[in-house]
Amino acid sequence: MERSVPSFRELLAATRTEIREVTTEEADAARATDGAVVLDIREPDEYEQGAIPGCVHIARGNLESQIENRVTDRDAPLLVVCAGGVRSVFAAKTLDELGYTDVVSVAGGFNKWKDEGRDWRTPQVLTPDQRNRYQRHLLLPEVGVEGQLKLLDAKVLLLGAGGLGSPAALYLAAAGVGTIGIIDMDVVDESNLQRQILHNMDRIGERKVDSAKKTLTAINPDVNVVAYDTRLGADNVMDLLGEYDLVVDGADNFPSRYLLNDAALKTGVPVVHGSIFRFEGQATVFKPHDGPCYRCLIPEPPPADMAPSCAEAGVLGVLPGIIGSIQAVEAIKLILDLGDDLSGRLLAYDSMDQTFRTFTVQRDPACPACSIDPDDLVIAEYDELCMPHPTA
């Protein structure tokens, strides 16, 4: 017997009996429900012309392969939208078969939504070149297009273009962090090249910030590199931090670290801290008033003979590459709100026996920096003793 093959209209009608449809008015009200997800399944060129704010976009052809990573809660209310309300019917049935328990198709789709004057936006999208450049990021469900756009919008200030700043800057630029500020008043010296990989022999005698900008823009033209050929001081630290989302601290002296800590507490800007000594390094994150600050970790600097500089004690050339790369990871995690950052934890690395150890850092309830009202903190230069300033 010849098998009867249903027509498209018959298949659509049959599928509509198996799924729920809602009007655009009902969908507009339902999207405010806690945990609700508007799922736009149109093709990329359709989506780029306009979309419902806050929607998750997965082209229909990728729905089965991507939905589980993009919408992990199978009980979340799902409002499926296409252009006219046809593709969303079949997509809703597929989602139901995949185990999603609360799925509806929006009748009339985005075209009706837009015609009725409901809220819609032209979404920010990646260019074809950017999609190619950041393809490996886009494959990560935790990053994807939305995460890459966050990186491109982010502003990170690097304190120092030296051993720690070099690897951090290189990886942040390669990752697509849109604005990277670098503050450093030094010049490139041949002795830097053993570890400061932003620079090269041709740049000896050049300002470090200028050398860094050349390297980073050659790696990624998407990145706006802002060079500050100056010393970080009480006269500029507040203005600088006010321009950035977070700071990667590669300072090599205690007065700068304590000054940065005070300014971070006043502005609320997180600091990704790193330090190195001979064969050892450490990294942590200071999130103002949400965990310990730098003065909680080091209430006062050790005597000079206990903490000599790299110029005095030496440093394994590859060591800052490891710690600076960890700082870049932590910065990206903060931008994307991924995983557990190092706030409240100190990660210590020993290259001689290849071990990582993590220590808990408690917030000091009597800390003279973070236990007081930020408005009472005085931004002023520190001497070598770095004792807390009197409150305002």
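**Questions on a predicted model**

Student: What phi does Gly176 take, just after H10?
Tutor: H10 is a helix, residues 165-175. Helices are DSSP runs of H or I with at least four residues, strands are runs of E with at least two, and both are numbered from the N terminus. Just after H10, Gly176 takes a positive phi of about 95°.

Student: What kind of model is this?
Tutor: Residues are numbered from 1 along each chain as its sequence is written, and side-chain values use heavy atoms, with hydrogens and water left out. Local features need pLDDT of at least 70, side-chain atom pairs count only at pLDDT 80 or more, and totals for chains, interfaces and linings use all residues; the model is predicted.

Student: How many residues of H10 are buried?
Tutor: Buried means under 20% relative accessible area, exposed over 50%, partly exposed in between (1.4 Å probe, protein chains only). Among the buried residues of H10 are Pro167, Leu170 and Leu172. H10 is largely enclosed by the rest of the structure, because its buried residues number 9 of the 11.

Student: Which residues of strand S4 point the other way from Leu78 and Val80?
Tutor: In a regular strand, side chains alternate between the two faces of the sheet. S4 covers residues 78-81, and its four residues are all buried. Leu78 and Val80 point one way; the other way point Leu79 and Val81.

Student: Which residue in S5 stands opposite Val80?
Tutor: Strands pair if DSSP finds at least two bridges between them. S4 has 4 bridges to S2 (residues 37-40), in the parallel sense. S4 also pairs with S5 (residues 103-106), parallel again, over 3 bridges. Opposite Val80 in S5 stands Ser105.

Student: Which helix joins S4 and S5 in a β-α-β unit?
Tutor: The unit is right-handed. That term applies if, with the strands pointing away from the viewer, the path from the first strand over the helix to the second runs clockwise. The helix, residues 87-97, is H5.

Student: How many aromatic pairs does the structure hold?
Tutor: Rings of Phe, Tyr and Trp (its six-membered ring) pair if their centres lie within 6.5 Å; planes under 30 degrees apart count as stacked, over 60 as edge-to-face and the rest as tilted. The number of aromatic pairs is 7.

Student: What is the angle between the planes of Tyr258 and Tyr294?
Tutor: These rings form an aromatic pair, 5.0 Å centre to centre. Tyr258 lies in H13 (residues 254-267) and Tyr294 in H14 (residues 294-297), 36 residues apart. Tyr258 counts as buried, because its relative accessibility is 1%. The pair is edge-to-face, with an angle between the planes of 65°.

Student: Over which ring does the charged end of Lys114 sit?
Tutor: A charge sits over a ring if NZ of Lys or CZ of Arg is within 6 Å of the ring centre and within 35 degrees of the ring normal. Arg42 lies over the face of Phe110, at 4.3 Å from the ring centre. For Lys114, also 4.3 Å from the centre, the ring is that of Trp120.

Student: What angle does the direction of helix H16 make with that of S10?
Tutor: The open sheet has 8 strands, in the order S8-S7-S6-S9-S10-S11-S12-S13, with mixed pairing. H16 (residues 319-336) packs on this sheet and touches strands including S6 and S10; contact means heavy atoms within 4.5 Å. Axes are lines fitted to C-alpha atoms, for helices over the stretch in contact, and angles run from 0 to 180 degrees between N-to-C directions. The angle between H16 and S10 (271-277) is about 170°.
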